[in-house]
Amino acid sequence: MRPVTRTLLLLTLLLALHSPAHAGTVTLAYEPASREDVHIAEMLIESHVGDDAARVINVLNCLPRNVVIRFGTEEGPQYAPAMKGRPAEIHFPYTFVAELQRIFTRNGYTDSPQTLERATLDAVQHTLFHELGHAIISMRGIPTDGGEEDAVDSLATILLIESFENGGDIALNAADAFSYLASEEELESAIPDGTMPSDDDRATMQPNIAAALDEHSLNVHRYEAIACLIYGSNPERYSFIAEDIQLSPQDAANCVDNYTRQSEYWFSLLQH
Ligand SMILES: [Zn+2]
């Protein structure tokens, strides 16, 4: 089991001292849970996973307006901009947390209830920061030429690594969830000979299979991009990642540069 200590690093506090005052804060709300979801709601509340995410963003002082993280909604996870007098919200269904638990259970995180709970909460934490990233980008009008989804995945990973003692491990559990989704999609996409199809094959394919393959490559890409950042943040501690995703020495060096560049970019941006 991975360590569970979650201490905010001095870095975020130091940064906060230099931040201009953005008036927005993150608060939490929990919708009543149905009988099947009561244990999920209890796990979220008792673990303080939402409080931890809110505290990091509030200490950074980087939101111009308030955001409510609302657990137990029907839809999501998603960022819902403010409308008609209601503040901006992050919608986070209990059923999504249950789905994460199922993904980890199917993939052998069954040594102990704690192992399963830790992995699930880590993936929840990354997803919360991903959605908070959408809030920050939307409210601050931050341009994302590489695509907003990639940008918020990077931001979420960097915030975890820089804010929690074991942040790389938290992000790695989230990346693992995307990798499991990718391999499950691979099995489900029913490719006759088990090889990835060419673009010509795709053109004649049933739309649902083509869509499943797109989703698949999206999850593979997410896993690799997050894993590269984690590796780049601490190549010694995460040397096993370089083997897992078969990084060439040049790729490995690029991951280190990439982490430095992206973390500097995001922190200088969040401070202004
Ligand atoms: Zn997103």
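**Starting from a proline**

Let's begin at Pro77: leaving out residues up to four places away in sequence, Pro77 touches His91, Phe92, Pro93, Phe96, Thr127 and Glu131, where a contact means heavy atoms within 4.5 Å. Before going further, know that this is a predicted model: local features need pLDDT of at least 70 and side-chain atom pairs count only at pLDDT 80 or more, while totals for chains, interfaces and linings use all residues. Residues are numbered from 1 along each chain as its sequence is written, and side-chain values use heavy atoms, with hydrogens and water left out.

Back to Pro77. You'll find Pro77 in the loop between β2 (67–71) and β3 (78–80). Helices (H or I, at least four residues) and strands (E, at least two) are DSSP runs, numbered from the N terminus. The peptide bond leading from Gly76 into Pro77 is cis, with omega near 0 degrees. Pro77 and His130 are 53 residues apart along the chain, yet their C-alpha atoms are separated by 9.5 Å.

His130 takes us to the metal. Which protein atoms are the donors of the zinc ion? They are His130 (NE2), His134 (NE2) and Glu149, which appears twice through OE, and they lie 2.1 to 2.6 Å from the zinc ion. Donors here are N, O and S atoms within 2.8 Å of the metal (3.2 Å for Na, K and Ca), and water is not among the atoms, so sites may look incomplete. Written along the sequence, the spacing of the donor residues is H-x3-H-x14-E. His134 sits in helix α5 (residues 113–140) and Glu149 in helix α6 (residues 148–163), so this pair ties together parts that are 15 residues apart in sequence.

What about the geometry? The angles among the four donor atoms run from 53 to 134 degrees, and the site of the zinc ion is irregular. For the record, four donors count as tetrahedral if all angles lie between 85 and 135 degrees; four count as square planar and six as octahedral if opposite donors are over 155 degrees apart and all others between 65 and 115; anything else is irregular.

Is His134 buried or exposed? His134 counts as buried, at 10% relative accessibility, whereas Glu149 is partly exposed at 45%. Buried means under 20% relative accessible area, exposed means over 50%, and partly exposed is in between (1.4 Å probe, protein chains only). Apart from its neighbours within four places in sequence, His134 is in contact with Tyr79, Glu148, Glu149 and Val152.

Another spot to look at is Ala53, in helix α3. At 0% relative accessibility, Ala53 is buried. Setting aside neighbours within four places in sequence, its contacts are Gln125, Leu128, Phe129 and Leu132. Ala53 and Leu159 are 106 residues apart in sequence, but 9.3 Å apart in space from C-alpha to C-alpha.

Now for a couple of backbone oddities. Most residues other than glycine have a negative phi, and most peptide bonds are trans. His48 is not a glycine, yet has a positive phi of about 65 degrees; His48 is in the loop between α2 (38–47) and α3 (49–60) and is partly exposed at 43% relative accessibility. Lys84 is not a glycine either, and has a positive phi of about 40 degrees. Lys84 is in the loop between β3 and β4 (88–92), exposed with a relative accessible area of 81%.

On to the rings. Rings of Phe, Tyr and Trp (its six-membered ring) pair if their centres lie within 6.5 Å; planes under 30 degrees apart count as stacked, over 60 as edge-to-face and the rest as tilted. The count by this rule is nine aromatic pairs. Among them, Tyr265 and Trp266 are edge-to-face, at 5.2 Å centre to centre with 75 degrees between the planes. Tyr265 is partly exposed, at 38% relative accessible area, while Trp266 is buried at 3%. Phe92 and Phe96, both met above as contacts of Pro77, form one aromatic cluster with Tyr30 and Phe71. Elsewhere, the charged end of Arg222 sits over the ring of Phe178, 3.7 Å from its centre; that calls for NZ of Lys or CZ of Arg within 6 Å of the ring centre and within 35 degrees of the ring normal.

Finally, step back to the whole chain. The chain has 11 helices and four strands, and 47% of its 272 residues are buried. Of the contacts with a separation of 6 or more, 70% involve residues 24 or more positions apart.
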